[in-house]
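Biologist: I'd like a close look at a single part of this one: the sheet, and what packs around it. Could you walk me through it slowly, as if we were both looking at the screen?

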Amino acid sequence: MAFSNANITAYAVEATEFPDLARRYRVTGVPKTVVDETVEILGGLPQDLFVAQALAGRDGSVGPIGP
Amino acid sequence: MGLLSPADQDKLRVSFNEMTSNVRVLFFTQALGCETCAHTRQILDELPALSDKIAIEEVNFVLEKEKAATYGIDRVPALALLADGVNGDARDSRIRFLGAPSGYEFISLVQALLLVGGRSSSLTDANRQKLATVDKPMTVQVFTTPT
């Protein structure tokens, strides 16, 4: 995704090494994907669904994650 | 003694043969206060021996803060993958790894190296078009564990 569009940056984060990030994004299982601060994707998804969910927050239809 | 078995090294050599362009891995590291930086160094040291298209460039996270900021790196160990051009210029792939790329993360790193090295993306045309509509910065973080 990042390689396809210069606006997208992708981080693969090792959750056990960075507990502060795991806490901040409430990572209780892996893989967990967080897009900007607005979209959470749990588990692995087929590509079509993953892209659709990853972009779901772009039109403002999904609010920020939790309190 | 290397981390990879001779059989795995052979498999990776074959995979990396697919690469058509050079990839530079920026390795952000620091000597003190980083538990997994040395292990990351060991893993990365395996790669250039398997392909002449892979180069590792170490960046001192303490001394080169500006470079770290340029690549959005705020912790170590971290990797940024660059597609090396022929004239010494480099195109940022915007693919990053935070933490040691061991276990399954190593497989992800290999896949990323192949992609940046010229292998065609697995994205479908339809998804590529959807992603092309992203016109503002977007950050995707994928949290994983080594096992």
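Modeller: Here is a walk along the sheet, then through what lies on it and beside it.

Keep in mind that this is a predicted model. It scores ipTM 0.93 and pTM 0.93. For chain B, the mean pLDDT is 95, with 99% of its residues at 70 or more.

Let's start with the sheet itself. It is an open one of eight strands with mixed pairing, and the order is 3(A)-2(A)-5(B)-1(A)-4(B)-3(B)-1(B)-2(B). At the edges sit strand 3 (39-42) of chain A and strand 2 (54-60) of chain B, each of which pairs on one side only. Going from one strand to the next, the twist averages 20 degrees. As background, strands of a sheet pair through backbone hydrogen bonds, either parallel or antiparallel.

Begin at the chain A edge. Strand 2 (residues 32-35) of chain A runs antiparallel to strand 3 of chain A, and four bridges join the two. To find the spot on screen, pick K32(A): it stands opposite L42(A) in strand 3 of chain A.

Now look at where the chains meet inside the sheet. Strand 1 of chain A and strand 5 of chain B run parallel, joined by seven bridges. A handy marker here is A12(A), whose bridge partner in strand 5 of chain B is V142(B).

What does chain A look like on its own? It has two helices and three strands, in the order β-α-β-β-α along the sequence. Of its 67 residues, 25% are buried. Among its contacts with a separation of 6 or more, 16% link residues 24 or more positions apart.

Next, the helices that lie on the strands. Helix 4 (residues 104-116) of chain B lies across strand 1 (8-14) of chain A, and also across strand 1, strand 2, strand 3 (78-84), strand 4 (90-98) and strand 5 (138-144) of chain B. Its direction is at about 170 degrees to strand 4 of chain B. Helix 2 of chain B lies across strand 1 (22-29) and strand 2 of chain B, at about 165 degrees to strand 1 of chain B.

While you're there, click on H39(B), which lies in helix 2 (residues 37-45) of chain B. Leaving out residues up to four places away in sequence, H39(B) touches A100(B) and S102(B). H39(B) and S102(B) are 63 residues apart in sequence, yet 8.7 Å apart in space, C-alpha to C-alpha. H39(B) counts as partly exposed because 15 other C-beta atoms lie within 10 Å.

Back to the contact between the chains: it takes 36 residues from chain B and 33 residues from chain A. On the chain B side, strand 4, helix 4, helix 5 (125-132) and strand 5 are the elements that give two or more residues. Strand 5 of chain B gives the largest share, seven residues. By class, that side of chain B has 16 nonpolar, 12 polar and eight charged residues.

Helix 5 of chain B also has a helix partner across the contact. Its axis and that of helix 2 (residues 47-56) of chain A come within 10 Å and cross at roughly 10 degrees. Angles under 35 degrees count as roughly parallel, so helix 2 of chain A and helix 5 of chain B are roughly parallel to each other. Helix 2 of chain A contributes Q47(A), D48(A), V51(A) and L55(A), while helix 5 of chain B brings N127(B), K130(B) and L131(B). Those residues divide into three nonpolar, two polar and two charged.

Note on methods
Residues are numbered from 1 along each chain as its sequence is written. Chains are lettered from A and ligands numbered from 1 in the order in which they are written. This is a predicted model: local features need pLDDT of at least 70, side-chain atom pairs count only at pLDDT 80 or more; totals for chains, interfaces and linings use all residues. A residue is buried if 20 or more other C-beta atoms lie within 10 Å of its own, exposed if 12 or fewer, and partly exposed in between; C-beta atoms are placed from the backbone. Two residues are in contact if their C-beta atoms, placed from the backbone, lie within 7 Å. Two strands pair if DSSP finds at least two bridges between them. Axes are lines fitted to C-alpha atoms, for helices over the stretch in contact, and angles run from 0 to 180 degrees between N-to-C directions. Ala, Val, Leu, Ile, Met, Phe, Trp, Tyr, Cys and Pro count as nonpolar, Asp, Glu, Lys and Arg as charged, and the others, Gly among them, as polar. pLDDT is the predictor's confidence in each residue, from 0 to 100. Angles under 35 degrees count as roughly parallel, over 145 as roughly antiparallel, 65 to 115 as roughly perpendicular and the rest as oblique.
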